[in-house]
Amino acid sequence: MGGPIHPLLLRQLRRLGLDAAAPPGDAVAWARLLEHVGRAYTEAEQDRYLMQRSQEIASAEMGELYTALQAERDSLESRVRERTDALRLSQGRLSSLVSLSSDWIWEQDEALRFTYFSDGLKQATGVDPAALLGKQRLLDGVAGVPADVAADYERRLAARLPFRDLVYCLGTPGTRGVYISVSGEPIFDADGAFKGYRGVGRDVTHQRLAEQQVLKLARYDGLTGLPNRNMFIDELERTLARARRHGERFALFFIDLDRFKNINDSLGHGAGDQLLKVMATRLRELLRESDLVARLGGDEFVVLLDGAVEAAALGQVARKALAAIGEPVAIDARSYQVTGSIGISLYPDDGDDAATLLKNADAAMYLAKDRGKNNYQFYTAQLAAQSAQQFALEADLRAGLPRDELQLHYQPKVRLGDGRLVGMEALLRWMHPQRGLLAPGAFVTLAEDSGLILPIGQWVLRAACRQVRAWRDVGLPVPRIAINLSARQFADDTLVDEVRDALAAQGLEPAALEVEITESVLMADPQAANRTLQGLHALGVHIAIDDFGTGYSSLAYLKRFPAQTVKIDRSFVKGLPLDHDDAAITQAVIAMAHSLGLDVVAEGVETQAQLDFLRQLGCDQAQGYLIGRPMPADQLQQRLDPAAAARAA
């Protein structure tokens with residue numbers, strides 16, 4: 001045979017008993033057959049090898065791919081576990097925050113029915129979510145939503161727009177109303193179809209109540225609960241605008257309590273506050289619901305009477321108000337009585353703006369005070385000039401105090417037994433730059449109303465002590481000098497210290513000074529007055545009760561006051577000796593005072609007959625025009641220095 005025989009073919013031939021080297025029959029054909037078959041075996045072996053090799057390579061590649069896929073799957077599973085854990089942690093955190101927060105989450109479906117509430121709703125409001133599930137809308141059955149806010153909310157719902165901080169009051173049976181703030185966002189699916197709303201809510205009750213309290217403080221008086229000046233001016237402006245449009249008229253009352261400052265200063269601010277509360281209640285109950293009463297400040301009240309402009313009707317309302325004010329008031333188990341003065345201005349007769357109407361009503365009120373208090377007055381054109389003059393006078397007085405325009409004049413007091421000069425009273429005067437020398441009657445009431453009386457009283461005290469020191473420094477024998485204390489000055493806790501300091505500044509002994517306090521001031525609060533008098537008495541200052549007989553004249557209190565002198569008011573002295581009532585009262589006062597060991601000074605002695613009669617009754621001292629008019633210090637000095645008086649004669 002020409003070529004090698006495939007080993008597999010040789011094994012097959014041997015198995016059959018044939019010899020490839022000794023072929024039977026035709027040797028050439030046998031050889032070709034064997035070669036062809038051997039080649040077939042070789043090719044088949046080659047194909048098998050190639051197939052096996054391909055399988056080995058494919059198997060290796062599949063192994064590598066499986067390993068890669070397994071690693072990718074493990075990595076993916078790890079990431080899924082991590083994301084799942086993170087999501088679970090985030091959900092837990094959100095759930096905790098929602099449960100701990102005062103806010104809550106809610107959801108609505110496309111029909112705006114509530115489908116979900118978190119637990120915060122019940123915790124914050126007491127409302128069971130089950131009672132709201134399935135219900136529609138947020139504003140059903142709620143209150144406190146302004147019309148414009150509700151309209152904007154409805155517009156946003158219709159347009160499927162977000163809404164923010166919708167606040168309303170939710171009242172539930174058995175619970176107080178709570179204020180809720182709600183915000184919501186619309187929900188859309190992948191196709192843009194509206195699926196409902198999702199949002200948050202929170203309890204804003206404390207915030208809203210605080211806002212309401214701030215608003216109340218800004219518009220209402222904290223003491224009386226009445227509208228304050230700001231709110232009243234706003235209401236007055238609205239009334240003016242309406243009256244201008246419709247040609248309507250209205251009236252304005254300006255009410256001031258008479259002598260309230262005396263009560264406030266003598267009884268203390270607590271008692272004054274109680275009195276103001278009572279007056280506010282009385283005025284509020286007296287007026288119609290359509291009327292507005294407000295407190296401007298202090299003891300000043302204003303009333304806006306819409307639609308009432310007839311003088312007779314307004315007078316009737318004013319009289320009722322005065323009667324209500326005049327009813328006794330119980331404070332600390334004691335009864336007090338005050339009166340009021342009312343000024344009335346009309347729109348449009350007395351002004352067409354708020355400031356003018358208030359100013360003119362105020363001017364009318366001061367006219368009521370000038371005419372005896374406890375009455376009412378309508379504004380007139382004449383009052384305009386008087387009001388302007390008063391305002392200008394107050395401005396001048398404020399400027400005059402630091403410019404040393406105030407002066408002291410001195411009125412002598414003599415002993416009736418021998419006519420000797422035993423004292424003098426320092427009386428205030430004001431040298432006005434244009435109007436000249438003014439007596440206290442022209443400006444003291446203004447000083448009291450404006451609060452200037454306290455610094456003026458302090459100036460009088462120091463000026464009197466300086467004058468005594470000046471006279472003594474030139475060797476003059478100076479009798480005791482008396483000064484008058486105003487109600488506010490007497491009620492000042494620093495009075496005793498101020499007196500001590502003024503005396504010490506001039507090196508004067510306390511007995512050189514006498515203080516005069518009116519009976520009405522003392523009796524406003526006898527206990528407090530007695531404490532102050534005891535302090536002055538312990539200091540060594542002499543004390544005189546002025547205008548005795550015009551007030552309470554209570555012996556029970558008088559004997560407890562540490563006073564040395566009483567002064568008979570000039571209204572009783574004026575009728576002496578012919579008026580039997582004045583004579584009887586004067587005699588009784590002198591006898592009563594002497595029984596208590598007090599000296600008696602008669603004021604306003606103008607005739608010799610009055611002086612002789614007082615001497616007969618045993619009166620100790622007298623002062624008045626007969627004795628000597630109030631005079632500047634240089635004129636009184638001549639009475640203190642007999643030699644100077646002789647030279648002047």
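Let me start with a term: two helices count as roughly perpendicular when the angle between them is 65 to 115 degrees. Please keep that in mind for the first pair. One caution before we get there: what you have in front of you is a predicted model.

The first pair is helix α6, residues 229-246, and α10. They pack at an angle of about 110 degrees, and their axes are 10 Å apart. So α6 and α10 are roughly perpendicular to each other. Which residues make the contact? From α6 there are F232, I233, L236, E237 and L240, and from α10 there are A354, L357 and L358. Sorted by type, the residues of this contact are seven nonpolar, no polar and one charged.

Staying with α10 for a moment, look at the loop between β11, 340-347, and α10, 354-370. P348 lies in that loop. The peptide bond joining Y347 and P348 is cis, with omega about 5 degrees. There is also a cis peptide bond between L576 and P577, where omega is about -5 degrees. P577 is in the loop between α19, 570-573, and α20, 580-595.

Next, helices α15 and α17. α15 covers residues 495-505 and α17 covers residues 526-539; their axes come within 9 Å and cross at roughly 20 degrees. That angle makes α15 roughly parallel to α17, since angles under 35 degrees count that way. The crossing of α15 and α17 is right-handed. On the α15 side, the contact is made by L495, V496, V499 and R500; on the α17 side, by T532, G535, L536 and L539. What is the make-up of this contact between α15 and α17? Five of its residues are nonpolar, two are polar and one is charged.

The third pair is α8, residues 269-286, with α9, residues 311-326. The axes of α8 and α9 come within 10 Å, and they cross at roughly 150 degrees. The crossing of α8 and α9 is right-handed. M279, R282, L283 and L286 of α8 meet V317, K320, A321, A324 and I325 of α9. The residues in the contact of α8 with α9 divide into seven nonpolar, no polar and two charged.

One helix on its own: α13. It runs over residues 453-473, which is 21 residues, and it reaches 30 Å from first C-alpha to last, close to the 30 Å expected at 1.5 Å a residue. Just after α13 comes G475, with a positive phi of about 85 degrees.

A positive phi also turns up at L112, a residue other than glycine, where the value is near 65 degrees. Where is L112? In the loop between β1 and β2, 114-117.

Strand β1 brings me to the aromatic residues. How many aromatic pairs does the structure hold? Eleven. I will show one of them, W106 with F163. The ring centres of W106 and F163 are 6.3 Å apart and the planes are at 20 degrees, so this pair is stacked. W106 lies in strand β1, residues 103-108, and F163 lies in strand β3, residues 163-170, so the pair ties together parts that are 57 residues apart in sequence.

To go back over the helix pairs: α6 and α10 are roughly perpendicular, α15 is roughly parallel to α17, and α8 crosses α9 at roughly 150 degrees. That is where I will stop.

Notes. Residues numbered from 1 in each chain as written. Predicted model: local features only at pLDDT ≥ 70, side-chain atom pairs only at ≥ 80, totals over all residues. Heavy atoms only, no water. Helix = DSSP H or I, 4+ residues; strand = E, 2+ residues; numbered from the N terminus. Expected span 1.5 Å × (residues − 1). Axes fitted to C-alpha atoms, helices over the stretch in contact; angles between N-to-C directions. Parallel < 35°, antiparallel > 145°, perpendicular 65-115°, else oblique. Left-handed = near helix turned anticlockwise from the far one by under 90°. Contact = heavy atoms within 4.5 Å. Nonpolar A, V, L, I, M, F, W, Y, C, P; charged D, E, K, R; others polar. Phe/Tyr/Trp six-rings, centres within 6.5 Å; stacked < 30°, edge-to-face > 60°.
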